[in-house]
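Let's take a guided walk through this structure together. Keep the viewer open as you read, and pick out each residue as it comes up.

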Amino acid sequence: MTSVPSKLYSDDVSLLVVLLDTNPFFWTASSSLSFSQFLSHVLAFVNSILLLNQLNQVVVIASGYNTCDYIYDSSSDASQLGSENGRIPSLYSNLLQKLEEFMIKDEKLGKEQSQRAIKSSLLSGSLSMALCYIQRVFRSGPLHPQPRILCLQGSPDGPEQYVAVMNAIFSAQRSMVPIDSCYVGAHNSAFLQQASYITGGVYVKPQHLDGLFQYLTTVFATDLHSRSFIQLPRPAGVDFRASCFCHKTTIDMGYICSVCLSIFCNHHKKCSTCGSVFGQAQSDTSSTSDLKRKAPET
């Protein structure tokens with residue numbers, strides 16, 4: 001059976017790219033929700049997205065602490081949807097197998113780089129892979145499903161990824177791809193708050209993780225066209241603090257290079273990024289997101 005051509009796609013057809021946090025440092029320390037429970041909620045949510053519209057497409061990218069990779073694409077697994085009466089074990093057997101292989105590979109890389117274990121997951125890499133996939137869909141034809149990214153994250157932010165994450169956020173903004181965020185960690189994620197705010201997505205931190213599936217279906221299952229008719233939750237506040245380029249730490253006040261917009265916690269004679277001579281002006285880093293927003297245009 002041939003697939004339905006993209007010419008028939010309408011405004012309620014979604015391409016959902018799910019970024020799945022598989023960082024073992026977080027899940028082994030999490031007491032409120034185990035990874036197996038988290039995965040069961042996610043699989044049920046993915047299944048509901050595919051049931052809403054037969055043209056919907058779901059791509060899952062696993063994000064570890066050393067690497068990230070594609071582990072599921074509903075368009076390539078469409079031929080298996082009719083096996084075993086369409087039960088979830090047959091639908092996602094390929095996903096679970098690839099997820100297991102990915103986590104083994106990620107753990108192996110962690111042992112090889114054990115001298116400095118990174119506690120945060122590779123959010124910047126998974127965002128870049130999601131945007132690359134969406135760009136490939138954009139170039140496949142004049143009509144395509146409405147793309148969006150959903151970050152299912154629990155690991156804390158990695159300040160060393162600040163530049164790469166912000167570049168991915170502005171790329172998504174320019175491509176008009178909203179980044180939704182569902183954060184299940186103990187504290188809010190400044191990266192995901194900024195990503196959802198800048199791209200027009202939705203940021204949610206569930207209060208009761210036992211009902212994670214309900215949060216996912218009621219907030220993130222709606223397509224972009226339907227969002228204009230419903231009231232979605234809005235974050236109470238967004239943390240716009242940036243990470244300095246020199247020590248990779250989150251700062252409230254810092255120095256910004258007027259040429260390349262690099263951020264530093266201490267004054268230097270020259271910018272280590274572009275080599276320009278530093279001035280004496282000190283800037284509040286709470287406004288660096290507005291300055292960074294102009295960076296892709298220069």
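## A walk from charges to cores

Arg227 has a relative accessible area of 12%, so this residue counts as buried. Bear in mind as you look that the model is predicted. The side chain of Arg227 meets that of Asp180 in a salt bridge, with 2.5 Å from N to O. This pair links distant parts of the chain, 47 residues apart: Arg227 sits in the loop between α8 (212-220) and β7 (242-243), while Asp180 belongs to strand β5. Asp180 is buried too, because its relative accessible area is 0%.

Asp180 has a second partner, Arg148, and the salt bridge between their side chains is 3.9 Å from N to O. Arg148 lies in strand β4 (residues 146-153) and Asp180 in strand β5 (residues 179-183), so this pair ties together parts that are 32 residues apart in sequence. Both Arg148 and Asp180 are buried. Put the pieces together and you have a network of salt bridges linking Arg148, Asp180 and Arg227.

How many salt bridges does the structure hold? There are three. Beyond the network, look for Lys105 and Asp69, whose closest N and O atoms are 3.7 Å apart in a salt bridge. Lys105 is in helix α4 (residues 93-112) and Asp69 in strand β3 (residues 68-73), so the pair ties together parts 36 residues apart in sequence. Here the setting is partly exposed: Lys105 has a relative accessible area of 37%, and Asp69 has 28%.

Strand β3 also pairs with β2; the two run antiparallel and are joined by five bridges. A hairpin of four residues connects β2 to β3. To find the register, start from Ile61, whose bridge partner in β3 is Tyr70.

Now for the nonpolar interior. The largest nonpolar core has 40 residues, and those with the most contacts inside it are Val17, Leu19, Leu123, Leu127, Ile149 and Cys151. Several elements each supply at least two residues of this core, including β1 (14-21), β2 (57-63), β4 and α6 (162-174). Which element gives the largest share? That is α5, with eight residues. Apart from this core lies another, of 37 residues, among them Phe45, Leu152, Val204 and Phe220.

Helix α5 deserves a look of its own. At 1.5 Å a residue, its 16 residues (123-138) should span 22 Å, and the end C-alpha atoms are 23 Å apart, which agrees. Buried residues in α5 include Leu123, Leu127, Met129, Leu131, Tyr133, Ile134 and Val137. Leaving aside neighbours within four places in sequence, Leu123 is in contact with residues including Leu19, Cys151, Val165, Phe191 and Leu192.

Finally, turn to the rings: the structure holds seven aromatic pairs. One of them is Phe35 with Phe38, a tilted pair at 6.2 Å centre to centre and 40° between the planes. Both lie in helix α2 (residues 35-52), three residues apart, about one turn of the helix, and both are buried. Another tilted pair, Tyr162 with Phe191, is 6.2 Å centre to centre with 40° between the planes. Tyr162 lies in helix α6 and Phe191 in helix α7, so this pair ties together parts that are 29 residues apart in sequence. Tyr162 and Phe191 are both buried. To finish, select Phe26, Trp27, Phe35 and Phe38, which form one aromatic cluster.

How values were computed: Residues numbered from 1 in each chain as written. Predicted model: local features only at pLDDT ≥ 70, side-chain atom pairs only at ≥ 80, totals over all residues. Heavy atoms only, no water. Expected span 1.5 Å × (residues − 1). Buried < 20%, exposed > 50% of the residue type's maximum accessible area, 1.4 Å probe, protein only. Salt bridge = Lys/Arg side-chain N within 4 Å of Asp/Glu carboxyl O. Core = buried A, V, L, I, M, F, W, Y, C linked by side-chain atoms within 4.5 Å. Contact = heavy atoms within 4.5 Å. Pairing = 2+ DSSP bridges. Phe/Tyr/Trp six-rings, centres within 6.5 Å; stacked < 30°, edge-to-face > 60°.
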